[in-house]
Protein chains: 2
Amino acid sequence: MRYRIELDYIGTAYGGWQIQPNVRTVQGELASAINRLTGEAVTVTGSGRTDAGVHALKQTAHFDLEKSFDPYKLVGGLNHFLPGDIRVFGAFEAPPDFHARFGCTGKTYVYAMYRKPERAILSDRAWAVAEDIDVAKMRAAAKSFVGEKDFASFMAGGSDTRTTVRNVTQAEVEEKNGIIRFTVSANGFLYNMVRIMTKVLESVGVGALAADSIAEIIERKDRAAVKGIAPAHGLYLVDQVYGEV
Amino acid sequence: MRYRIELDYIGTAYGGWQIQPNVRTVQGELASAINRLTGEAVTVTGSGRTDAGVHALKQTAHFDLEKSFDPYKLVGGLNHFLPGDIRVFGAFEAPPDFHARFGCTGKTYVYAMYRKPERAILSDRAWAVAEDIDVAKMRAAAKSFVGEKDFASFMAGGSDTRTTVRNVTQAEVEEKNGIIRFTVSANGFLYNMVRIMTKVLESVGVGALAADSIAEIIERKDRAAVKGIAPAHGLYLVDQVYGEV
């Protein structure tokens, strides 16, 4: 039987999603918890990888069990064996052709920033940016990301993908309760794409980059067109869409 | 010269505020950072202690330096030597008779709860309570705490104090953005007082205790009148008042 689970995690203590030797990873912790609960050795497939330090408010994953298991008991049972910074909040029987990665037709990320001075409560949770950052400029600039475009300038080197074209359906910046949130949805994301986009928006917000230069950066199709990258600890994977878009 | 500083911290990694041997404490980290920055060995006095796992959104402290130091540079310099989960956000020259503990005439705490299922994002930050907890009942019950009363039933054993009478000036419960906050202000708090109050409110919220039994519990003046205590990780010291009330 195939199972789909939904979970959240704080990535601070982990070397990212993907299993690696000698590093605590979210995928590794899940596989271990499933093994301890069911006795079965499984491979857990997520909607995608997240890097070290990146969080997820919602990550979707699937795995197969030989013996069937009450999904409700799966939630409590897995949480019993998982550390507190990884929590499963939903478990469902899934059709045999459900695939957390290949079936995912859309994803949303949020990148969280706040104005300096630094606060302990937000350490490892959001990026402390300049106190006088101009959010209206960032909001206007973010619109340039929307549409089906070649985002090659927003892909970290060393990555390998069939195409660098992605369809960004939402790119919004809002400030609320002291947090500046960049919310971006697309049919898929290139490696480090959101963190590089965020760095561009931050550069616009502090006046280091003109708002209208984003179109130019996209046009260059070259990672060298953007200086720097936003730190991992402000990034949250927040939603996944399955099925027809 | 005496300095007053304001800081926040996440208590998860610390054995509380107060310096102890072989345990990382907030007071210890501060003294060490001041020593590394200024070369002086100082005693840091806080507005009060917080237990292991308890957080502060604002804690006030003072210390004396032989050589004077630009307060603005004190903020950046201390943060350079402090871990990310302790951040100084204000530093000021203070009159020689300013005392962070004895001069403190009022304090506010917030206790944070949320409805199950558990979420990783709130692990070590808020208490996961029953999904169907009745916040209206908790709000009504909290009013019984307000006033100058003997709170002996709300003091953990083994503590020593001149009087168990405290003047509670605010005790409110509200639910917002998925967080249930119990906010309580008083001229001072007994040991574990807020966590024991919170446990009583939670018991009322889940129907294990009648709302009108709080007056009775206060009347008994006996810690045995309350079963249990809310966990440390939901508690935040959020404000201090100095001077005339």
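**Figure 1. Helix 3 and helix 4 of chain A cross with a right-handed sense.** The model shown here and in the other figures is predicted. Two packed helices are described by the angle between their axes and the distance between the axes. In this view, the axes of helix 3 (residues 135-142) and helix 4 (residues 193-205) of chain A come within 8 Å and cross at roughly 135°. That angle makes helix 3 of chain A oblique to helix 4 of chain A. On the helix 3 side, the residues in contact are A:K137, A:M138, A:A141 and A:A142. They meet A:L201, A:E202, A:V204 and A:G205 of helix 4 in chain A.

**Figure 2. Helix 1 and helix 2 of chain A form a right-handed crossing.** Helix 1 covers residues 26-38 of chain A and helix 2 covers residues 71-81; their axes come within 9 Å and cross at roughly 115°. Helix 1 of chain A is therefore roughly perpendicular to helix 2 of chain A. Helix 1 of chain A contributes A:A33, A:I34, A:R36 and A:L37 to the contact. The residues met in helix 2 of chain A are A:L74, A:G77, A:L78 and A:F81.

**Figure 3. A:F98 and A:Y242 form an aromatic pair in chain A.** A pair of aromatic rings is described by the distance of the centres and the angle of the planes. Over all chains, the structure holds 16 aromatic pairs. In the pair shown, the rings of A:F98 and A:Y242 have their centres 5.0 Å apart and their planes at 50°, so the pair is tilted. A:F98 lies in the loop between strand 4 (86-94) and strand 5 (104-115) of chain A, whereas A:Y242 lies in strand 10 (residues 235-242) of chain A, so the pair ties together parts that are 144 residues apart in sequence. A:F98 has a relative accessible area of 13% and is buried. A:Y242, with a relative accessible area of 25%, is partly exposed.

**Figure 4. Ring pairs link four phenylalanines of chain A into a cluster.** The members are A:F145, A:F151, A:F154 and A:F182. Within the cluster, the rings of A:F145 and A:F154 have their centres 5.5 Å apart and their planes at 90°, so this pair is edge-to-face. Both A:F145 and A:F154 are buried.

**Figure 5. Arginine charges sit over phenylalanine rings between chains A and B.** The charged end of A:R119 sits over the ring of B:F89, at 3.6 Å from the ring centre. In the other direction, the charged end of B:R119 sits over the ring of A:F89, 3.7 Å from its centre.

**Figure 6. B:Y111 is buried in chain B.** This tyrosine lies in strand 5 (residues 104-115) of chain B. The relative accessibility of B:Y111 is 0%, so B:Y111 counts as buried. B:Y111 and B:G234 are 123 residues apart in sequence, but their C-alpha atoms are 5.4 Å apart in space. Leaving aside residues up to four places away in sequence, B:Y111 touches B:W127, B:I180, B:R181, B:F182, B:R195, B:T198, B:A230, B:P231, B:G234 and B:L235.

**Figure 7. B:E29 is a buried glutamate of chain B.** B:E29 belongs to helix 1 (residues 26-38) of chain B. B:E29 has a relative accessibility of 18%, and therefore counts as buried. Not counting residues up to four places away in sequence, its contacts are B:Y14, B:R24, B:L82, B:P83 and B:I86.

**Figure 8. Cis peptide bonds and positive phi angles occur in loops of chains A and B.** Most residues other than glycine have a negative phi, and most peptide bonds are trans. In chain A, a cis peptide bond joins A:K116 and A:P117, with omega about 10°. A:P117 lies in the loop between strand 5 and strand 6 (127-129) of chain A. In chain B, a cis peptide bond joins B:K116 and B:P117, again with omega about 10°. B:P117 lies in the loop between strand 5 and strand 6 (127-129) of chain B.

A:K221 is not a glycine, yet has a positive phi of about 50°. A:K221 is found between helix 5 (213-220) and strand 10 of chain A, in the loop, and counts as partly exposed at 46% relative accessibility. B:N177, also not a glycine, has a positive phi of about 50°. The loop that holds B:N177 runs between strand 8 (165-176) and strand 9 (179-186) of chain B. B:N177 is exposed, with a relative accessible area of 62%.

Key. Residues are numbered from 1 along each chain as its sequence is written. Chains are lettered from A and ligands numbered from 1 in the order in which they are written. This is a predicted model: local features need pLDDT of at least 70, side-chain atom pairs count only at pLDDT 80 or more; totals for chains, interfaces and linings use all residues. Side-chain values use heavy atoms; hydrogens and water are left out. Rings of Phe, Tyr and Trp (its six-membered ring) pair if their centres lie within 6.5 Å; planes under 30 degrees apart count as stacked, over 60 as edge-to-face and the rest as tilted. Helices (H or I, at least four residues) and strands (E, at least two) are DSSP runs, numbered from the N terminus. Buried means under 20% relative accessible area, exposed over 50%, partly exposed in between (1.4 Å probe, protein chains only). A charge sits over a ring if NZ of Lys or CZ of Arg is within 6 Å of the ring centre and within 35 degrees of the ring normal. Axes are lines fitted to C-alpha atoms, for helices over the stretch in contact, and angles run from 0 to 180 degrees between N-to-C directions. Angles under 35 degrees count as roughly parallel, over 145 as roughly antiparallel, 65 to 115 as roughly perpendicular and the rest as oblique. A crossing is left-handed if the near helix is turned anticlockwise from the far one by less than a right angle, and right-handed if clockwise. Contact means heavy atoms within 4.5 Å.
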